[in-house]
Amino acid sequence: GLVTWSVGVLFLSTLLLCSADVHHYEFFVRESNFKKMCNTSTLLVVNNSYPGPEIRVHRGDTVFVNVHNRGKYGFTIHWHGVKQPRNPWFDGPEFITQCPIRPRTNFTYKIILSEEIGTLWWHAHSDWTRGSVHGAIVILPAENETYPFPTPDGEQTIILESWYNGNFKKIIDKALAAGTPPPQPDAYAINGHLGDTYGCPTDTIFRMEVDYEKTYLLRIINAAMNEQQFFTIMNHTLTVVAVDASYVRRFKSDYILISPGQTMDVLVSANRNAGQYYMATRPSSDSDVPPVDFITTGIFQYTNFVGGPNASLITLPAMNNTDAMLNFISRIRNTNVTQNPPINVPADTDINRRVFITLAVNDLPCKNSKCVVSDGFAASLNNVSFVYPHIDVLQAYYSRNIRGVFAENFPFLPPEFYDFTGNLTGVVSAVEVGTRAICVNYGDAVEIVLQSTQMGAGGSHPIHLHGYSFYWVGAGFGNFNGETDPSTYNLVDPPLMNTIDVPGTGWVAIRFFANNPGVWYMHCHFERHTSWGMSTVLIVRNGSTIETSIRPRPSTMPRCHRT
């Protein structure tokens, strides 16, 4: 299986290298003031814009981004969904692959694109700074490629966001110190605009201008902090063509459901009566503690139309409509087009590394002087709540002479089995803290089953794996059964994804070949859960050749305070 995958990707890579280009961007990150909801908030942003600048490239290109920190604290930037072949040094998560870029310094990232196509995004990967430091990565077909659908007449990036009347870092720092959950957002935004539903007369609404009978490609990114989102354009049909920078079998829907971290490419035709139609977004949740149920609006506006928005009501699934959630995600399938890498799912006989991981929200004693509760919030994978070290894991792993930073003993099974999605009366599941990594060998065929539990408020978890796209081969409700559930797997056309939503009362299974050596972060993309420790590190050891080993450590890496 690994040989087949390698031959297919080698052929694709050869085509891309013939026309690959190099791009350079300058990011100046500083605080700026933004007035929304009749309040002024100070946010850390890139190039004075919210959302930040768009990176626009072709498939297979290389990008250099020089990041200048003009703020008051350190941060890093992650290139979400970019695999960075053998290049974990520039992946970006703080204290996983690098230490922060300190104030009044700069650091240049090298972003190596390979088979990704469509839409990805970049965002800060330190505390909650990504709430305001983020932007799109648009990956166009290579010069010798076409779309696997008729070329659209135009395109538009749409970024869905959480808005807080305050500084994102200060919000989470205060909550963690007190041992309390962070507050709910004050609003949701579309491309930085709050729309017309929040009551402030100076708030702006996002407008997309379209021509009659033209077709547009929407590049939709969920950059919200803790909220899955429904999205729709009233009276128009959406056709999903790609998810997480991989083409999927096209399907039509009145709405999409997109989790934090995910990206979707969607076609829409301006084929209705000329007018102004609402686009709208609202959260989706299966948790006992759901997000605030706000609806944020934008305008899909036909050129030269004079008048207000169409008077029809905004129709979106209810926030807790699990049937709408399942109906949408169950239709996502891979497609065997030449623009995708050959489908190469690890077969049952290939799998030599199986990991079963439970996801839970827990509590731990709150011991600092600012605590307002005796037990603060924690979150865990297999009862291990991740602790960020003071030296990045990649540096410690690569150098081999820095001890005590992490342990290579993440449990491949939960410490105890119980009715994970059922009645937890009498269940006491102890959690420990630590920096523990999953370690596999280069070329291993890996299966990971992610099992939600009802610990805490339950609810779904969007899990993101850096450095990889994986095949989503299975999903179900209740507790995973290792004897019977694998027979339900889709091993024919499972979609390639980098972020997968694990249902609150169920499980998902993913498979991939460990063909990208390095240190790769895996975490929940609900920021509150990551802040509480719902994460781990996947270490893929070097292969036997230079081409299957991590690239040498760049001399320009930001220095850690303790080195």
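How many bridges join strand 12 to strand 17, and do the two run parallel or antiparallel? Keep that in mind while we look at the whole chain, bearing in mind that this is a predicted model.

Let's start with the overall build. The protein chain contains five helices and 32 strands. Its C-alpha atoms occupy a box of roughly 65 × 60 × 55 Å along the principal axes. The radius of gyration is 22 Å, and because a compact globule of 563 residues would have a value near 24 Å, the chain agrees with that expectation.

The interior and the surface come next. Of the 563 residues in the protein chain, 62% are buried, meaning that their relative accessible area is under 20%. The area the chain exposes is about 21,300 Å², with 51% of it supplied by carbon and sulfur atoms. As for contacts, take those between residues at least 6 apart in sequence: 79% of them join residues at least 24 apart.

Now we can zoom in on one sheet. It is open, has six strands in the order 10-9-12-17-14-15, and its pairing is mixed. At its edges lie strand 10 (187-190) and strand 15 (246-253), each of which pairs on one side only. From one strand to the next, the twist averages 25°. In general, strands of a sheet pair through backbone hydrogen bonds, in either a parallel or an antiparallel way.

That brings us back to the opening question. Strand 12 (residues 215-222) and strand 17 (residues 263-269) run antiparallel and are joined by seven bridges. To find one place where they meet, look at Y216, whose bridge partner in strand 17 is V268.

Methods. Residues are numbered from 1 along each chain as its sequence is written. This is a predicted model: local features need pLDDT of at least 70, side-chain atom pairs count only at pLDDT 80 or more; totals for chains, interfaces and linings use all residues. Side-chain values use heavy atoms; hydrogens and water are left out. Two strands pair if DSSP finds at least two bridges between them. Helices (H or I, at least four residues) and strands (E, at least two) are DSSP runs, numbered from the N terminus. Axes are lines fitted to C-alpha atoms, for helices over the stretch in contact, and angles run from 0 to 180 degrees between N-to-C directions. The radius of gyration is taken over C-alpha atoms; the globule rule is 2.2 Å times the number of residues to the power 0.38. Buried means under 20% relative accessible area, exposed over 50%, partly exposed in between (1.4 Å probe, protein chains only). Contact means heavy atoms within 4.5 Å. Accessible areas come from the Shrake-Rupley method with a 1.4 Å probe; for residues, only the protein chains shown count as cover.
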